[in-house]
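Please open the model in your viewer and keep the sequence panel visible. The tour proceeds from one chain as a whole to its interface and then to a pair of helices.

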Amino acid sequence: MFFRMIRGALFRQKGKMLMIAFTIALGASLATAMLNVMLDVGDKVNQELKTYGANINVLPKGASLLDDLYGDEEAETGESNQYLQESELGNIKTIFWAFNIVDFAPYLDVNVRLNAGADEVRVVGTWFSEHLNLPTGESLDTGMASMKDWWDVSGDWPDDADASSAVVGSALAEKNGIRTGDTIEISGAGGAKSLRVAGIFSAGGDEDEQMYVPLSVAQELSNRAGLVSRVEVSALTTPDNELSRKAAQDPKSLSVKEWETWYCTAYVSAICYQIDEVLTDSIAKPIRQVAESEGAILEKTQFLMLLITILSLVGSALGISNLVTAGVMERSQEIGLLKAIGARSVSVSWLVLTEILITAVIGGAAGYFIGIGFAQIIGHSVFGAAIAIKPMVVPIVAALVFIVTLAGSIPAIRLLQALRPAEVLHGR
Amino acid sequence: MNLLELNDISKIYGNVKALNRIDLTVEQGEWLAIMGPSGSGKTTMMNIIGCMDKPTSGTVLLDGINISTENSKSLTAIRRDKIGLIFQQFHLINYLTAVENVMVAQYYHSMPSEKEALEALERVGLLGRAKHLPSQLSGGEQQRVCIARALINYPRLILADEPTGNLDELNENIVLDIFKQLHRDGSTIIVVTHDPEVAEDAQRTVVLEHGLITKIKENERRGLS
């Protein structure tokens with residue numbers, strides 16, 4: 001009989017139940033969309049922020065010490081005698097967080113004379129789009145072309161395999177009257193080279209006074225075959241917290257459990273540590289400004305999403321509360337009658353709660369699928385990419401719908417329990 | 001043997017004395033009518049007898065139980081086990097069919113049985129309308145469903161509040177015929193009404209005015225015709 005009453009209430013009062021289901025669906029859809037976006041927004045925002053460049057700088061140990069003591073000055077002169085091995089660079093993509101390494105590019109700075117002039121010009125050897133075959137059997141293309149994709153290049157990036165091409169900074173090109181397609185002569189300790197200008201770039205910084213050439217060219221000009229002076233790495237990272245800050249100061253201060261947690265989380269300090277492990281005599285350092293800004297933006301975005309989720313659920317609870325309370329008031333005579341013919345308050349409460357919970361299951365399920373749609377709309381309109389659907393959202397949304405429905409039903413249940421049959425049946 | 005005894009019953013709402021020191025007894029198998037104008041205390045008396053309200057003072061004995069001192073939970077159980085309620089407004093559940101409306105009373109009493117519910121509908125001449133919703137029934141038919149619901153648990157007392165108040169003459173006669181049959185079968189019936197014609201069918205009529213019993217009359221038709 002209980003289920004005949006439930007069935008009757010659900011199927012013969014479709015309008016009221018649909019309204020409650022719609023309210024629950026609205027709350028569930030917003031919660032689903034926001035939770036999916038919130039859980040995926042880290043990667044999305046990180047990818048967006050990667051367009052602003054590297055967030056990890058890898059230096060040889062000795063050069064790092066000079067850098068710490070004298071700032072950028074020593075590094076800029078290119079006078080350090082410490083180098084990293086080019087042959088080891090592929091190891092960066094073999095660390096525990098290999099999939100979080102988006103791009104990396106090595107640099108070797110050489111001071112040369114341009115077109116037999118008197119002034120020295122900084123030439124930077126690098127990878128533009130180097131194809132690497134990794135020890136793991138995988139392969140990837142990495143280098144400046146993707147790491148500095150916001151640079152304005154008139155012409156083309158040079159081909160890494162073409163040892164006779166270069167890109168020239170706009171300030172340097174203007175000062176020396178260089179144009180795309182020109183041929184220039186440069187000479188260094190290792191000899192002279194004739195290079196074709198593949199493009200003129202504008203980076204908006206000191207780089208505009210420099211020239212970028214394939215790494216092999218810089219190594220030849222400086223007699224440093226197989227060596228690089230630094231590596232910039234762009235990695236997807238998790239925002240810092242107390243543990244990562246403690247680890248950044250001294251990983252040895254962590255307990256075994258803390259160390260495992262830290263090592264297995266994509267904190268920038270953990271990734272730096274893992275890079276140090278695979279490159280001989282290297283020190284990887286986070287570029288703090290970038291890493292911290294990324295963390296702050298990510299945290300704020302996630303907090304905003306969480307706030308919207310909570311507000312949508314509170315709104316849903318209020319909506320459910322109003323609808324259910326109005327429904328109970330509307331059904332006060334029916335409830336009074338049930339009590340008059342011998343139903344206890346708890347029995348009537350179960351009846352009404354079961355109706356609402358079944359409605360919540362239907363509304364929640366519909367809301368979940370609508371929410372997935374909302375998440376994709378948000379993903380495409382904000383990030384230009386699909387939002388990954390997280391299975392863990394299903395139990396979270398189910399629990400939230402259950403809690404919100406129960407919380408929203410409390411005023412109605414209290415009203416129902418206080419109803420006296422004599423008052424509602426005879427108007428006393 | 002008395003089924004119901006009201007001893008010195010008063011009910012006071014604020015400054016209003018709805019019932020003022022009422023004494024009344026109803027025998028097992030008796031058909032009693034309670035009459036009076038609006039505000040005379042009829043509904044208050046019905047609520048107290050029907051275990052839906054408690055008197056401010058005095059005692060009410062129903063089937064030997066002092067219901068004036070019982071708590072809400074016990075009153076619900078007494079109402080369920082001993083009283084069949086019939087209302088002027090029928091109070092059927094609009095999303096349940098006629099037979100389901102009867103079964104609801106069984107469900108909260110013991111075990112619902114569709115067979116017994118259909119038999120109860122047959123007693124009031126509504127077997128053919130068992131699967132209809134209240135909105136598909138006339139006023140008289142709805143009242144007969146309400147009567148079937150009141151009878152289904154074999155109550156010790158049938159308490160009817162203006163049972164013919166919303167019915168035309170034809171349906172009024174059908175309902176009264178059912179009451180007569182119930183009375184012949186030995187049921188105890190208390191009918192609250194303002195209609196003298198309805199009251200005339202009872203064995204005894206109690207007239208209430210301003211919360212006081214002003215007249216008790218033995219009726220000639222004595223409910224057995």
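**Chain B and its contacts**

Select chain B: of its 225 residues, 51% count as buried, meaning that 20 or more other C-beta atoms, placed from the backbone, lie within 10 Å of the residue's own. This is a predicted model, in which local features need pLDDT of at least 70 and side-chain atom pairs count only at pLDDT 80 or more, while totals for chains, interfaces and linings use all residues. Residues are numbered from 1 along each chain as its sequence is written, and chains are lettered from A and ligands numbered from 1 in the order in which they are written.

Colour chain B by secondary structure next; seven helices and 10 strands appear. Both are DSSP runs numbered from the N terminus, helices being H or I of at least four residues and strands E of at least two.

Now display chain A as well. Here 22 residues of chain B are in contact with 22 residues of chain A, contact requiring C-beta atoms, placed from the backbone, within 7 Å. On the chain B side, α1 (42–49), α2 (72–82) and α3 (98–109) each give two or more residues. The largest share, seven residues, belongs to α3(B).

Keep α3(B) selected and add α4(B), residues 114–123; their axes come within 9 Å and cross at roughly 115 degrees. These axes are lines fitted to C-alpha atoms over the stretch in contact, with angles from 0 to 180 degrees between N-to-C directions. To view the contact itself, show residues including Val102(B) and Met103(B) of α3(B) together with Leu118(B) and Leu121(B) of α4(B).

Technical notes:
A residue is buried if 20 or more other C-beta atoms lie within 10 Å of its own, exposed if 12 or fewer, and partly exposed in between; C-beta atoms are placed from the backbone. Two residues are in contact if their C-beta atoms, placed from the backbone, lie within 7 Å.
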